[in-house]
Amino acid sequence: MIPKRIQPFLKSTNTRSNGTNTLVEGTLICCNSSSFEIGVVGQIQRTMLSRMLLYPKNDRIILHVRCKQCGKLIVVFDSDIDGYNACRQAQNKNVSLTFADCCKCFSNNYSVNIKYEYPNEQELAELGESDVENLFTWIWISLVCNSCKKKHSNFVDYETS
């Protein structure tokens, strides 16, 4: 289970289920590369320990990536349309992105790791939705700077239910 628009770009690295939920992890790949520029809608918080975290701005988080090889723009997550309780219709199509430069070296060249949490299959079946790949209840997105190797764990840590 991976949202349809991400499927062509996510190389799955781990899937595990405990009966209550399923976790699916993967790394974004485009042009056989994991080199992306990051653009966001939200508030980037920088901590004293050189961590970066993305918080909602006006109740919304968006994370786009742009492939450094071909320039393709990929919407990785938009809290308005993605996840368990999303409305499935973007509220404002014209958004202004902020670039997420590394707080250590100020580069904007990242590898992107994503982890989705899904409810158990019985709950998904009971919902009667056709797009169950987009009904994840939690998303975590971690960034690794390709320039200095600084890891920004759980840059996005967002519950969608």
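## Exercises on a predicted model

I141 touches L63, V76, F77, V112, N113, I114, H152, N154, F155 and V156, leaving aside its neighbours within four places in sequence. The model is predicted.

**Exercise 1. Place I141 in the nonpolar core.** Which residues have the most contacts inside the largest nonpolar core, and which element gives the most to this core?

Step 1. The largest nonpolar core has 36 residues. L28, I141 and F155 have the most contacts inside it.
Step 2. The elements giving two or more residues are β2 (21–28), β3 (36–41), β5, β6 (62–67), β7 (73–78), β9 (110–119), β10 and β11 (151–159).
Step 3. β9 gives the most, with 5 residues.
Step 4. In soluble globular proteins, nonpolar side chains tend to be buried together.

**Exercise 2. Trace the salt bridges of R60.** Which residues are linked with R60 in a network of salt bridges?

Step 1. Search the whole structure: 5 salt bridges turn up.
Step 2. R60 and D78 meet through their side chains at 2.7 Å, N to O. R60 lies in the loop between β5 and β6 and D78 in strand β7, so this pair ties together parts 18 residues apart in sequence.
Step 3. D80 also forms a salt bridge with R60, the closest N and O atoms being 3.1 Å apart. D80 is in the loop between β7 and β8, 20 residues from R60.
Step 4. Check burial. R60 is buried at 9% relative accessible area. D80 is buried at 13%. D78 is buried too.
Step 5. The network therefore links R60, D78 and D80.

**Exercise 3. Examine the pair R5 and D82.** Is each partner buried or partly exposed?

Step 1. The side chains meet in a salt bridge of 2.4 Å, N to O.
Step 2. R5 lies in the segment before β1 (10–17) and D82 in the loop between β7 and β8 (98–99), so the pair ties together parts 77 residues apart in sequence.
Step 3. R5 is partly exposed, at 32% relative accessible area. D82 is buried, at 3%.

**Exercise 4. Test the cysteines.** How many disulfides does the count give?

Step 1. Apply the cut-off: the sulfur atoms must be within 2.5 Å.
Step 2. The count comes to 0 disulfides. For C67, the nearest cysteine sulfur is that of C30, 3.7 Å away.
Step 3. The closest cysteine sulfur to that of C103 is in C102, at 5.3 Å, too far for a bond.
Step 4. C67 counts as buried at 3% relative accessibility. C103 counts as buried at 18%.

How values were computed. Residues are numbered from 1 along each chain as its sequence is written. This is a predicted model: local features need pLDDT of at least 70, side-chain atom pairs count only at pLDDT 80 or more; totals for chains, interfaces and linings use all residues. Side-chain values use heavy atoms; hydrogens and water are left out. Buried means under 20% relative accessible area, exposed over 50%, partly exposed in between (1.4 Å probe, protein chains only). A nonpolar core is a set of buried Ala, Val, Leu, Ile, Met, Phe, Trp, Tyr and Cys residues joined through side-chain atoms within 4.5 Å. Helices (H or I, at least four residues) and strands (E, at least two) are DSSP runs, numbered from the N terminus. Contact means heavy atoms within 4.5 Å. A salt bridge is a side-chain nitrogen of Lys or Arg within 4 Å of a carboxyl oxygen of Asp or Glu.
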